[in-house]
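Reader: Could you take me through one part of this model slowly, with the cut-offs spelled out as you go? I would like to see how the pieces fit together.

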Amino acid sequence: MSAPEIDKGQAKARNPASVLFMCRMNAVRSPMAEAIARSMLPAGTYVASAGIRPGERDPFVDAVLEEVGLSIERHLPRSLEELEDDYFDLIVTLAPEAHHAALELTRSNAVEVVYWPTPDPTVATGTREQILSAYRDVRNHLATLIERRLGPGISVSS
């Protein structure tokens, strides 16, 4: 999957102090992005994730993050209404529904909202290894996008 083109110099020059990753149910893509971003961004950067509605925790997310030394620890999927803070410098949406919700939410605010189309690995079928491969593809896709937009990355090759 090709990543959106981003001017690295310009993007890194204005790193946000707070980032929210949004998807449909905060069970796969957005918590994965949150964990990856936390590993790349300076310690003072506030990083969170949420969904339009909360879903169920997905064990495949834990498995593919563990492969690269990351964890979502005690993450429980949460909705936008459950966020502790509601102001972010940057909102990254990973699903069309989340993008529309973010635009509606920020209509009267000066918040940067970007859409990174990210496939939903939960639709993958086949063997356990084939399903894990779909989750790895999403993990690697997110890591590439986060590194290009926000800063130096981690190695996510497996």
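Author: Happy to; what follows is a close look at a helix contact, its ring pair, and a strand residue with its surroundings.

This is a predicted model, in which local features need pLDDT of at least 70 and side-chain atom pairs count only at pLDDT 80 or more, while totals for chains, interfaces and linings use all residues. Residues are numbered from 1 along each chain as its sequence is written, and side-chain values use heavy atoms, with hydrogens and water left out.

Let's begin with helix α3 (residues 59-66) and helix α5 (residues 128-150), whose axes come within 9 Å and cross at roughly 70°. Helices here are DSSP runs of H or I with at least four residues, strands are runs of E with at least two, and both are numbered from the N terminus. Axes are lines fitted to C-alpha atoms, for helices over the stretch in contact, with angles running from 0 to 180 degrees between N-to-C directions. The crossing angle therefore makes α3 roughly perpendicular to α5, a label for 65 to 115 degrees (under 35 is roughly parallel, over 145 roughly antiparallel, the rest oblique).

On the α3 side, the contact (heavy atoms within 4.5 Å) is made by F60, V61, A63, V64 and L65. From α5 come R128, I131, L132, Y135, R136 and R139. Sorted by class, that gives 8 nonpolar, no polar and 3 charged residues; Ala, Val, Leu, Ile, Met, Phe, Trp, Tyr, Cys and Pro count as nonpolar, Asp, Glu, Lys and Arg as charged, and the others, Gly among them, as polar.

Within this contact, have a look at the rings of F60 and Y135: their centres are 5.2 Å apart and their planes at 40°, so the pair is tilted. Rings of Phe, Tyr and Trp (its six-membered ring) pair if their centres lie within 6.5 Å; planes under 30 degrees apart are stacked, over 60 edge-to-face, and the rest tilted. F60 and Y135 are 75 residues apart, so the pair links distant parts of the chain. Y135 is buried, at 2% relative accessible area, where buried means under 20%, exposed over 50% and partly exposed in between (1.4 Å probe, protein chains only).

Now for V92, which is found in strand β3 (residues 90-93) and is buried at 0%. Beyond its neighbours within four places in sequence, V92 is in contact with V19, L20, F21, M22, V114 and W116.
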